[in-house]
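Here's a quick walk through a ligand site and some ring packing. Have the sequence and the model open as you read.

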Amino acid sequence: MIPGSFAYHRPSSVQDAVSLLAGFGEEGRVLAGGHSLIPMMKLRLAAPANLVDLGGISDLKGIRLDGADIVIGAMTTQHELIGSDLLSRNIPLLRETALQIADPQVRYVGTLGGNVANGDPGNDMPAVMLALNATYQVAGKGGNRRLAARQFYQGAYFTALEPGEIVTAIRIPVPPAGHGSAYQKLKRKIGDYATAAAAVVLTLKGGGEVGSVAIGLTNVGETPLFAEEAARLLVGSTLGPEIVKKAVAAAEKITAPASDRRGTPEYRTKMAGVMMSRALARAAQRARGE
Ligand SMILES: Cc1cc2nc3c(=O)[nH]c(=O)nc-3n(C[C@H](O)[C@H](O)[C@H](O)COP(=O)(O)OP(=O)(O)OC[C@H]3O[C@@H](n4cnc5c(N)ncnc54)[C@H](O)[C@@H]3O)c2cc1C
């Protein structure tokens, strides 16, 4: 339970962090809140020779409106997401999800950037980012670029980040006024990762038909899953039981959960479907103002 030895670096700018990481190559690793990385180091599943702590870079903090997007600095903590009025007004899904991550102690230190960059399929924010169609702003020795969350996750702990790249901010288009959203998570106890969870963002038309819908699933595959076919089936419907059943079946089809102490693959797939239909119902209620 004691990590291997490492050198600790605390740059004060993104540029310095990027230069340090470029110099360390495979031997360097970014440290954010440390609530996923430090446990891995203690178990000796990670043994970086150099830790580059982003905690001293003030540019990586904060939540602001930028035109039609909300931009959240990567080092913004999960606790700060919960307390943000700007987010509560515009993207309440983030607050709802953050409140379901771990416990207050973890949320005080765990960051949004760490949660989305970690690549653990058990992290809650990535599926939410798929549903919200977020983009990650990234800095590296080759310059800055933007990566769509929907193209970011490639395998367990394997993302589109190049070695030495840092997620600097998460950019989210503000969903239209009157949209509904929900995150439904099944967990064994407070503080646990999801057995299965689903994020839904939708809009309804005047007659109650679905105008648009996006669905993300947590911890039922090697990556967070974007349930595109399920969403396609629901557009234009009034979310009646038959069409929801078809959409759930389409979502279940793309899952491939691991068997672990949270349940068998069959159970977790079924729970993903249950979480999805509950999230759809809740999001629709909210869109109707109920
Ligand atoms: C008891 C416990 C329960 C938990 N339960 C949950 C849960 O239910 N749901 C959930 O989602 N999470 C859970 N977590 C994880 C927690 O949310 C972590 O805080 C989060 O996964 C990682 O954020 P961090 O800031 O701590 O990142 P760190 O642990 O510092 O980093 C995680 C990884 O991401 C990389 N990284 C971090 N920031 C960046 C960046 N800006 N750019 C590039 N790479 C970066 C690091 O190099 C490392 O590989 C739990 C943790 C604990 C200890």
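By class, how many nonpolar, polar and charged residues does the shell around the ligand have? Nonpolar residues account for 14, polar ones for twelve and charged ones for five. Keep in mind that this is a predicted model.

## Around the ligand

Count the residues surrounding the ligand and you get 31. Val30, Gly34, Ser36, Thr111 and Asp124 are the closest of them. As for where the ligand sits, the space it takes is the largest pocket. Three elements each give two or more residues to the shell: strand β2 (28–31), helix α7 (112–117) and strand β10 (166–173).

## Polar contacts and burial

Oxygen atoms of the ligand turn up in several polar contacts. On the backbone side, a polar atom of Gly33 is 2.8 Å from a ligand oxygen, and an N or O atom of Leu37 lies 2.7 Å from one. Thr111 joins in through its side chain, with an N or O atom 2.6 Å from an oxygen of the ligand.

How much of the ligand does the protein bury? Taken alone, the ligand exposes 970 Å², and 90% of that is buried by the protein.

## Aromatic pairs

Now for the rings: the structure holds three aromatic pairs. One of them is Tyr136 with Phe152, an edge-to-face pair at 4.8 Å centre to centre, with 85° between the planes. This pair links distant parts of the chain, 16 residues apart. Tyr136 belongs to strand β6 (residues 135–140), while Phe152 is in the loop between β7 (143–148) and β8 (153–155).

Conventions. Residues numbered from 1 in each chain as written. Predicted model: local features only at pLDDT ≥ 70, side-chain atom pairs only at ≥ 80, totals over all residues. Heavy atoms only, no water. Near = heavy atom within 4 Å. Polar contact = N/O pair within 3.5 Å; in protein donor to acceptor, adjacent residues only side chain to side chain. Areas by Shrake-Rupley, 256 points an atom, 1.4 Å probe, with all protein chains shown as cover. 1 Å grid on protein atoms, 1.4 Å probe; cavity = no way out; pocket = protein on both sides within 12 Å on 5 of 7 lines; lining within 4 Å. Sits in = over half its atoms within 2 Å of the grid points. Helix = DSSP H or I, 4+ residues; strand = E, 2+ residues; numbered from the N terminus. Nonpolar A, V, L, I, M, F, W, Y, C, P; charged D, E, K, R; others polar. Phe/Tyr/Trp six-rings, centres within 6.5 Å; stacked < 30°, edge-to-face > 60°.
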